[in-house]
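Please open the model in your viewer and keep the sequence panel beside it. The tour below suggests what to select at each stop and says what is found there.

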Amino acid sequence: MSTAEQQQPHEASGTPGTPSDALLGPADIRELAAALGVRPTKQKGQNFVIDANTVRRIVRTAEVRPDDVVVEVGPGLGSLTLALLEAADRVVAVEIDDILAAALPATIEARMPQKKDRFALVHSDAMLVTELPGPAPTALVANLPYNVAVPVLLTMLDRFPSIERTLVMVQAEVADRLAARPGNKVYGVPSVKANWYADVKRAGSIGRNVFWPAPNVDSGLVSLVRRAEPVRTSASKAEVFAVVDAAFAQRRKGLRSALAGWAGSAAAAEAALTGAGINPLARGESLTVEEFAAIAEHKPADVLKHAL
């Protein structure tokens, strides 16, 4: 697909209900929003995708398969939902907004009636969802609200280990942080924690004019493929994440100083770092998730008791 094709919105055309013409275009989105009295708000991080080419591109990039059970967070008016239903076996959408949640099933039935039984809606805050209806999800594909993108992503990966592949659209800056490698200046807490669950990479960029309203920032796609094997460590996720949080809370400091609070003292931090084979003067931004796990394994005994 050319850059122009990726960036320019196109009107949907044809008869709703046929797979090739069921997607929403700019006029459809505005008509739906007007009928519902919906105005996207910055508070909820709402920016609706109005370009059918873009949602199809997201589905292709996510490599959605005919046997996939896809969970979507923040479906909004249903632009991406319809494209996912074209490609997947089932789609479960999690929507917090009362009006949008109430309207989405009717949109699915009107535009893609042959797939209505393959769609389920969970009206809830994604951060509070602990179970989903139907078969276990195999993929997560979502246009995540910018203000909650990282916690929602990490929560979903943690609570639903059956999710093998994830593709999320987030603010470009957030995409860069999630996909950053050790040594990169934007490598930080999101980078390490996402890598605990998955192999993470940037999967493309999205321009501003495919959204309504157009955001003030560019967006990026991030691909996360679940690790074939978990990080090998005797430390728990909570213990590893505690080290990560401490290391980046004072990211300009060497780890001996940055981890002093976590370990109880700078000397205890140095002992843990030395035991893990890490230079006490190194900074958190240079370490892999496996190295953070090694530090967690060498925590002082009193810190371990407190964590338990």
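The stops run from the whole chain to the sheet, its helices, a few single residues and the aromatic pairs.

**Before selecting anything**

This is a predicted model, in which local features need pLDDT of at least 70 and side-chain atom pairs count only at pLDDT 80 or more, while totals for chains, interfaces and linings use all residues. Residues are numbered from 1 along each chain as its sequence is written, and side-chain values use heavy atoms, with hydrogens and water left out.

**The whole chain**

With everything displayed as a cartoon, the protein shows 14 helices and 9 strands; these are DSSP runs (helices H or I, at least four residues; strands E, at least two), numbered from the N terminus. Of the 308 residues, 50% are buried, where buried means under 20% relative accessible area, exposed over 50% and partly exposed in between, with a 1.4 Å probe and protein chains only. The accessible surface comes to about 13900 Å², and 52% of this belongs to carbon and sulfur atoms; the areas come from the Shrake-Rupley method with a 1.4 Å probe, and for residues only the protein chains shown count as cover. If you consider contacts (heavy atoms within 4.5 Å) between residues at least 6 apart in sequence, 71% of them join residues at least 24 apart.

**The sheet**

Select the strands E4, E3, E2, E5, E6, E9 and E7, which in that order make up an open sheet of 7 strands with mixed pairing; two strands pair if DSSP finds at least two bridges between them. Strand E4 (119–123) and strand E7 stand at the edges with a single partner strand each, so one side of each is left without a neighbour in the sheet. From one strand to the next, the twist averages 20 degrees.

Now narrow the selection to E5 (residues 139–143) and E6, which pair in the parallel sense over 5 bridges, and look for Asn143, which stands opposite Met169 in E6. Add helix H3 (residues 52–61), which packs on the sheet and touches E5, E6, E7 and E9, its direction making about 155 degrees with that of E7; the axes are lines fitted to C-alpha atoms, for helices over the stretch in contact, and angles run from 0 to 180 degrees between N-to-C directions.

**Val59 and Ser223**

Within H3, select Val59, which is buried with a relative accessible area of 8%. Not counting residues up to four places away in sequence, Val59 touches Val64, Leu80, Ala83, Leu84 and Ala87. Its C-alpha atom lies 9.8 Å from that of Ala142, although Val59 and Ala142 are 83 residues apart in sequence.

Move next to Ser223 in strand E9, which counts as buried at 13% relative accessibility. Leaving aside neighbours within four places in sequence, Ser223 is in contact with Thr166, Leu167, Asp199, Val200, Lys201 and Ala203.

**Helix H7**

Select residues 172–179, helix H7, and show the side chains of Ala172, Val174, Ala175, Leu178 and Ala179, which are buried. Why do they share the same side of H7? They cover an arc of only 160 degrees around the axis, which puts them on that one side, the arc being that of the directions from the helix axis to the C-beta atoms. The buried residues of H7 pack against helices H6 (149–159) and H8 (189–197) and against strands E6 (165–171), E7 (198–206) and E9 (219–226).

**Thr130, in a loop**

Go to the loop between E4 and E5 and select Thr130, which is exposed with a relative accessible area of 58%. Thr130 touches Arg159 and Phe160, not counting residues up to four places away in sequence.

**Aromatic pairs**

A search of the whole structure finds 5 aromatic pairs, taken as rings of Phe, Tyr and Trp (its six-membered ring) with centres within 6.5 Å, where planes under 30 degrees apart count as stacked, over 60 as edge-to-face and the rest as tilted. Select Phe48 and Trp212, a tilted pair at 6.2 Å centre to centre with 40 degrees between the planes. Phe48 lies in strand E1 (residues 48–49) and Trp212 in strand E8 (residues 211–212), so the pair ties together parts that are 164 residues apart in sequence. Both Phe48 and Trp212 are buried.

Finish with Phe248 and Phe292, another tilted pair, 5.9 Å centre to centre and 45 degrees between the planes. Phe248 belongs to helix H9 (residues 237–249) and Phe292 to helix H13 (residues 289–297), 44 residues apart, and both Phe248 and Phe292 are buried. Adding Tyr187 to the selection displays one aromatic cluster, formed by Tyr187, Phe248 and Phe292.
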